[in-house]
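Please keep the viewer open beside this text and make each selection as it is introduced. The tour proceeds from one helix pair to the next and then turns to the chains as wholes.

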Amino acid sequence: MFSLATLLYLSALLFSIGTYGVLARRNILVVLMSLELMLNAVNIAIVSFGRAHALTAFSGEHGGQIFTLMVLAVAAAEAAIGLSLLLVIWRRWKSIDLRQLCRLNG
Amino acid sequence: MEHLFFGLAAVVATVSSLLVVTRRNPIYSALFLIVMLAAVAVIFMLLDAVFLGFMQLLVYAGAIMVLYLFVIMLINPREGDLTDEGGATERAFAAGVALLIFSLLSFAISHSQQVERLDSAGSIPAMAAVPDSHGSVAAFGLELFHNHLLVFELTSVLILVGIIGAVHLAMRRRSTPRPPSTVEDGQVTVDV
C-alpha cells in the first residue's frame, strides 16, 4: 500500500484537486491557495522518487529533498508577491473577485 | 505501522484539500490548507525526509499560512463581500479538466515501466535500505552545501527579489493627489 505507485497516485489526485480549485474559484485568495496545493502535490512526487532512487541517483542521496526545499523557497516568494499583488488589487478596486480583473478583455 | 500512518495521512490530505477548494469563506480554506500541509509533512517524514518534513511545517504551515491569514484579516471581507462562485457550467468545466488531468496522470503512472520496476522491490520502507543518517540535518546540510551550493545561493537571491518586490508592491502610496503638471523650460512634464 505504501508503495511508489500509491504515492504517485496520491500526488496526481492532489494535483487535480488543485487544478479544479484554480479553474473553478473566483476568489483570488483561494486560487493562490490552490496553487500551493498543486506545488505540494508535485513535492510529494519528487520526494518519493528521490527516496526510491536514494542510493542510485546521480545527484546524491538527498537530491529529491534538496529540490523540494528549493520548491519551498520558490513557493514562499510566490506567496509573498502574489499576496502583495492581491493587496494592491483590493486597495484599488475593493474586490478580490477574478471577474473584476478582465480589463484587458477587448 | 508505517502503512497505517501513510493511509491516514493520505486520506486527511485528500479530504482537506477537497475542503480547501470547496469552502466559500477563505478563512476556512486557509485553515484546511494548514491541515493538508501538515499531512504532507507526515508523508515526507514517513519517506525518511525528516528535516524536510519539519521545514514543511515551519515554512509552509508556519510562515506562508500566517501570511495568508494575515492578508485575509487585513482585507477583512464581510459576508456580503464574499465573491459568489461560478455557476454549474464553470464547475463542470473545471471538474472535467481536473478529471482529464487525473486520468492522464494515472494512465502514465500505471503504464510506466520504471515505476513498475521500482515497485517490484516492495513498499517504500523495504525498497532501498538507506543509512540511518538519511534525511537528518547533518547529512542533508552536508550534501546541500557541498554539491548544490550554487542553487542554494541563487535561491537566496530569489528570496531577496521576492522581499523587495513584496515591499514595493504593498507600500502604501500617497493618498493625496499629486500637484498638477508643472511647466519647466517650455516642456510640460506630466506625472503619470
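At what angle do helix 2 of chain A and helix 2 of chain B pack, and how far apart are their axes? Select residues 26-46 of chain B for the second of these helices, and residues 28-52 of chain A for its partner. The model is a predicted one. The packing angle is about 5°, and the axes are 11 Å apart. Since angles under 35 degrees count as roughly parallel, helix 2 of chain A is therefore roughly parallel to helix 2 of chain B.

Next, show the side chains where these two helices meet. On helix 2 of chain A, the residues to display include A:Leu29, A:Val30, A:Met33, A:Glu36 and A:Leu37, with A:Asn40, A:Ile44 and A:Val47 also taking part. Facing them on helix 2 of chain B are, among others, B:Pro26, B:Ser29, B:Ala30, B:Leu33 and B:Met36. B:Leu37, B:Val40, B:Ile43 and B:Phe44 belong to the contact as well. Coloured by class, this contact has 14 nonpolar, two polar and one charged residues.

Now move to helix 1 of each chain. Select residues 2-22 of chain B for helix 1 of that chain, and residues 4-24 of chain A for its counterpart. Here the angle is about 10° and the axes are 9 Å apart. Helix 1 of chain A and helix 1 of chain B are therefore roughly parallel to each other. From chain A, display A:Leu10, A:Leu13, A:Leu14, A:Ile17, A:Tyr20 and A:Gly21. They meet B:Ala10, B:Ala13, B:Thr14, B:Ser17, B:Leu18, B:Val20 and B:Val21 of helix 1 of chain B. This contact has ten nonpolar, three polar and no charged residues.

Hide chain B for a moment and keep helix 1 and helix 2 of chain A. They pack at an angle of about 165°, with axes 8 Å apart. That angle makes helix 1 of chain A roughly antiparallel to helix 2 of chain A. Their crossing is left-handed. The residues of this contact divide into 18 nonpolar, seven polar and no charged.

With helix 1 of chain A still selected, examine its surroundings and its length. Is this helix mostly covered or mostly uncovered? It is mostly covered, with 16 of its 21 residues buried. At 1.5 Å a residue, helix 1 of chain A should span 30 Å, and its end C-alpha atoms are indeed 30 Å apart.

Proceed to helix 3 of chain A, residues 63-93. Its 31 residues reach 44 Å from the first C-alpha to the last, close to the 45 Å expected at 1.5 Å a residue. Just after this helix, select A:Lys94, which takes a positive phi of about 55°.

Restore chain B and select the whole interface. In it, 62 residues of chain A are in contact with 76 residues of chain B. The elements giving two or more residues to the chain A side are helix 1, helix 2 and helix 3 of chain A. Helix 3 of chain A gives the most, with 21 residues. By class, the chain A side has 43 nonpolar, 13 polar and six charged residues.

Finally, select chain B alone. Its secondary structure comes to eight helices and two strands, in the order α-α-α-α-α-α-α-α-β-β along the sequence. Of its 192 residues, 23% are buried. Among contacts in chain B with a separation of 6 or more, 50% join residues 24 or more positions apart.

Note on methods
Residues numbered from 1 in each chain as written. Chains lettered and ligands numbered in written order. Predicted model: local features only at pLDDT ≥ 70, side-chain atom pairs only at ≥ 80, totals over all residues. Axes fitted to C-alpha atoms, helices over the stretch in contact; angles between N-to-C directions. Helix = DSSP H or I, 4+ residues; strand = E, 2+ residues; numbered from the N terminus. Parallel < 35°, antiparallel > 145°, perpendicular 65-115°, else oblique. Left-handed = near helix turned anticlockwise from the far one by under 90°. Nonpolar A, V, L, I, M, F, W, Y, C, P; charged D, E, K, R; others polar. Expected span 1.5 Å × (residues − 1). Buried ≥ 20, exposed ≤ 12 C-beta atoms within 10 Å, placed from the backbone. Contact = placed C-beta atoms within 7 Å.
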